[in-house]
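Welcome, and please have your viewer ready. We will go from one selection to the next and see what turns up at each.

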Amino acid sequence: MADSSASYIHMVHRLIEECLIFNMSKEECMEALSKHANIMPAITSTVWCELEKENKDFFEAYKNTRKEHQTQMVSSSSQKVIPP
């Protein structure tokens with residue numbers, strides 16, 4: 001039983017890493033794994049939180065990068081293209 005629980009958690013961990021590659025937020029990851037892998041959001045949230053605890057520097061940089069991308073997207077979408 002412990003082996004199957006550990007392998008399940010490892011699978012969720014791997015799937016979260018895939019979500020990180022796609023620059024997803026925790027909430028987006030929880031929704032995606034619920035929809036596409038039938039993983040309860042509470043499980044994804046728990047594993048995500050443990051990963052954050054173990055990798056504080058990575059997640060701090062990840063969150064900052066996400067904020068920068070969001071800021072760039074908002075500013076670029078608010079700029080109007082003026083034809084010559």
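This tour starts with a pair of helices and then visits the salt bridges. Keep in mind along the way that this is a predicted model.

**Stop 1: a helix pair**

Select helix α1, residues 2-21, together with helix α3, residues 41-54. How do their axes cross? They come within 10 Å of each other, at an angle of roughly 75 degrees. Since angles from 65 to 115 degrees count as roughly perpendicular, α1 and α3 are described that way.

Now show the side chains where the two helices meet. On the α1 side, pick Y8, I9, V12, H13, I16 and L20; on the α3 side, pick I43, T44, V47, W48 and L51. Try colouring this contact by residue class: you should get 9 nonpolar residues, 2 polar ones and no charged ones.

**Stop 2: the salt bridges**

Next, turn to the charged side chains. How many salt bridges does a search of the whole structure find? The count is 3, and we can visit them in turn.

Begin with R66 and E28, whose side chains form a salt bridge with an N to O distance of 3.7 Å. R66 belongs to helix α4 (residues 56-78) and E28 to helix α2 (residues 26-37), so this pair ties together parts of the chain that are 38 residues apart in sequence. Switch on a surface here and look at each partner. Is R66 buried or exposed? Its relative accessibility is 13%, so R66 counts as buried, while E28, at 39%, counts as partly exposed.

**Stop 3: along helix α3**

Go back to helix α3 and select K53 and E50, which are joined by a salt bridge at 3.2 Å, N to O. These two sit 3 residues apart in the helix, so about one helical turn separates them. With a relative accessibility of 56%, K53 counts as exposed; E50, at 36%, counts as partly exposed.

**Stop 4: from α3 to α4**

For the last selection, choose E52 and K63. Their side chains meet in a salt bridge of 3.0 Å, N to O. Which helices does this pair link? E52 lies in helix α3 and K63 in helix α4, with their positions 11 residues apart in the chain, and the pair links distant parts of the chain. K63 has a relative accessible area of 43%, so K63 is partly exposed.

Methods: Residues are numbered from 1 along each chain as its sequence is written. This is a predicted model: local features need pLDDT of at least 70, side-chain atom pairs count only at pLDDT 80 or more; totals for chains, interfaces and linings use all residues. Side-chain values use heavy atoms; hydrogens and water are left out. Axes are lines fitted to C-alpha atoms, for helices over the stretch in contact, and angles run from 0 to 180 degrees between N-to-C directions. Helices (H or I, at least four residues) and strands (E, at least two) are DSSP runs, numbered from the N terminus. Angles under 35 degrees count as roughly parallel, over 145 as roughly antiparallel, 65 to 115 as roughly perpendicular and the rest as oblique. Contact means heavy atoms within 4.5 Å. Ala, Val, Leu, Ile, Met, Phe, Trp, Tyr, Cys and Pro count as nonpolar, Asp, Glu, Lys and Arg as charged, and the others, Gly among them, as polar. A salt bridge is a side-chain nitrogen of Lys or Arg within 4 Å of a carboxyl oxygen of Asp or Glu. Buried means under 20% relative accessible area, exposed over 50%, partly exposed in between (1.4 Å probe, protein chains only).
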